Amino acid sequence: MADLIAGAPEHCPGTGSEQAGKASACSGCPNRGICSSQPKGPDPAIAEIQEKLSTVRHKILVLSGKGGVGKSTFSAHLGHGFAAANEDHQIAVLDTDMCGPSIPRIMGVEGEAVHQSGSGWSPVYVSDNLAIMSVGFLLASLNDAVIWRGPRKNGLIKQFLKDVDWGDLDYLIIDTPPGTSDEHLSLVQYIGATTIDGAIIITTPQEISLQDVRKEINFCEKVKLPIIGVIENMSGFVCPHCKTESEIFPATTGGAEKMAKDLSLPFLGKLPLDPRIAKACDEGKSFLEEIPDSPAAQIFQKIIKAIECHCESKSDSNDCGDNK
């Protein structure tokens with residue numbers, strides 16, 4: 001598809017719609033000629049993606065309403081946690097944050113190159129059973145800005161899903177950018193024909209974050225994306241020395257737990273601030289392995305176990321216990 005030359009109007013019918021370039025909302029839109037000339041109907045790549053992801057048992061999206069709430073940190077540690085819990089399981093993390101691809105740095109493989117084989121792009125391996133893919137591997141410099149319009153971002157997401165040689169995976173964790181824009185719609189469109197376990201919603205306690213997260217939850221409802229649960233990150237500060245917990249971001253409206261209760265959503269837990277988490281991410285290490293006995297690591301593990309139990313709930317051999 002040709003790149004659009006401007007943002008979509010408010011009531012855009014979508015470039016794949018039969019009304020693209022013809023609807024009343026298209027009147028005066030600079031993209032009108034481009035949209036009306038594009039082929040209509042379902043994207044043929046959807047069937048290819050469905051076939052490619054047929055060997056992936058579980059697919060999890062990690063979402064947030066705004067940036068800076070620790071979504072990528074959680075995605076990376078969810079991958080670390082799954083991979084460490086069962087060495088026979090194959091785990092992958094897909095970084096779809098095109099403008100801020102932080103997963104390579106957080107997971108300690110920054111600067112690695114993506115190789116291509118007859119079966120497609122090979123992901124970069126953090127360990128024998130943990131792989132990642134990110135636009136960060138495709139940039140000439142770590143300081144290069146990704147200045148792309150929506151269609152080009154969507155095209156790379158499609159390529160990641162269709163052309164990466166994921167192989168047989170137990171879990172594919174998809175780290176997304178903040179908001180409810182092009183990348184999110186593309187992910188739902190492309191993998192909607194496959195089985196998605198659901199989304200994990202990350203927020204911080206303050207109302208300014210919860211306000212945006214409610215929009216994210218509304219997005220999930222509109223596109224019929226199941227929600228596995230809500231996590232409150234940066235919920236208090238735990239001193240690494242005395243283990244005393246202090247409130248940094250006050251939950252003036254009750255925090256994520258009350259919001260989840262009001263919206264009848266599962267609440268997975270509260271992750272405290274610990275400066276050693278940021279240090280581990282900067283150094284490309286797993287906080288769960290570096291400081292496993294810390295309060296934050298123990299809560300991380302409990303949440304990861306609850307997510308695993310949700311995804312494996314149809315397995316007769318699953319024994320989750322009480323993870324709430």
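1. Let us start with one residue and work outwards. Glu308 counts as buried, with a relative accessibility of 16%. Please keep in mind while reading that this is a predicted model. Glu308 has a salt-bridge partner, Lys305, and the closest N and O atoms of the pair are 3.9 Å apart. Lys305 is partly exposed, at a relative accessible area of 30%. Both residues sit in helix H11, three residues apart, so about one helical turn separates them. Elsewhere, salt bridges with shared partners link Arg57, Asp170 and Glu312 into one network.

2. It is worth pausing on what such a pair is. Side chains of opposite charge can pair when their charged atoms come close. In this model there are 15 salt bridges. Two further examples follow, and they are good ones to find on your screen.

3. Which helices does the pair Glu183 and Lys153 tie together? Glu183 lies in helix H6 (residues 182-191), while Lys153 belongs to helix H5 (residues 150-163), so the salt bridge connects parts that are 30 residues apart in sequence. The closest N and O atoms of Glu183 and Lys153 are 3.6 Å apart. Are these two residues buried or exposed? Glu183 is buried, with a relative accessible area of 6%, and Lys153 is buried too, at 13%. Both values fall under 20%, which is why the word "buried" applies here.

4. Now look at Lys258 and Asp262. Their salt bridge has its closest N and O atoms 2.9 Å apart. Both residues are in helix H8 (residues 255-262), with four residues from one to the other, or about one turn of the helix. Lys258 is partly exposed, with 42% relative accessibility, whereas Asp262 is exposed, with a relative accessible area of 51%. Asp262 earns the label "exposed" because its value is over 50%.

5. Next, the nonpolar interior. The largest nonpolar core has 82 residues, and the members that touch the most others are Phe74, Ile200 and Ile307. Which helix gives the most to this core? Helix H11 (residues 295-311) does, contributing eight residues. You have met helix H11 already, as the home of Glu308 and Lys305. For a closer view, pick Ile307: setting aside neighbours within four places in sequence, Ile307 is in contact with Ile60, Phe74, Leu78, Phe82, Ile200 and Leu268. Try showing these side chains together.

6. Thr204 is a nice residue for practising how to read a neighbourhood. Thr204 sits in the loop between strand E8 (198-203) and helix H7 (207-222). Is Thr204 buried or exposed? Thr204 is buried, with a relative accessible area of 4%. The side chain of Thr204 makes a polar contact of 3.0 Å with the side chain of Gln206. A polar contact of 3.2 Å links the side chains of Thr204 and Ser209. Beyond its neighbours within four places in sequence, Thr204 is in contact with Val69, Ser209, Leu210, Glu232, Asn233 and Met234. Ser209 therefore turns up twice, once in the polar contact and once in the contact list, where heavy atoms within 4.5 Å count.

7. Finally, some cysteines that carry an annotation. An unreviewed UniProt entry places the feature "binding site" at Cys12, Cys26, Cys29 and Cys35. These four are spread over 24 residues of sequence, yet they cluster in space, with a largest C-alpha distance of 10.5 Å. Among them, Cys26 lies in the segment before helix H1 (32-36), and Cys29 is also in the segment before H1. Cys26 counts as buried at 7% relative accessibility, and Cys29 counts as buried at 14%.

8. The unreviewed UniProt entry also lists Cys239 and Cys242 under "binding site". Where does Cys239 lie? Cys239 is in the loop between strand E9 (227-238) and strand E10 (245-246), and Cys242 has its place in the loop between E9 and E10 as well. Their accessibility is worth setting side by side: Cys239 is buried, with a relative accessible area of 17%, while Cys242 is partly exposed, with 46%.

Technical notes. Residues are numbered from 1 along each chain as its sequence is written. This is a predicted model: local features need pLDDT of at least 70, side-chain atom pairs count only at pLDDT 80 or more; totals for chains, interfaces and linings use all residues. Side-chain values use heavy atoms; hydrogens and water are left out. UniProt positions are given in the numbering used here, feature names are shortened, and annotations may be inferred rather than shown by experiment. Helices (H or I, at least four residues) and strands (E, at least two) are DSSP runs, numbered from the N terminus. Buried means under 20% relative accessible area, exposed over 50%, partly exposed in between (1.4 Å probe, protein chains only). A polar contact is a pair of N or O atoms within 3.5 Å; within protein, one must be able to donate a hydrogen and the other to accept it, and residues adjacent in sequence count only if both atoms are side-chain atoms. A nonpolar core is a set of buried Ala, Val, Leu, Ile, Met, Phe, Trp, Tyr and Cys residues joined through side-chain atoms within 4.5 Å. A salt bridge is a side-chain nitrogen of Lys or Arg within 4 Å of a carboxyl oxygen of Asp or Glu.
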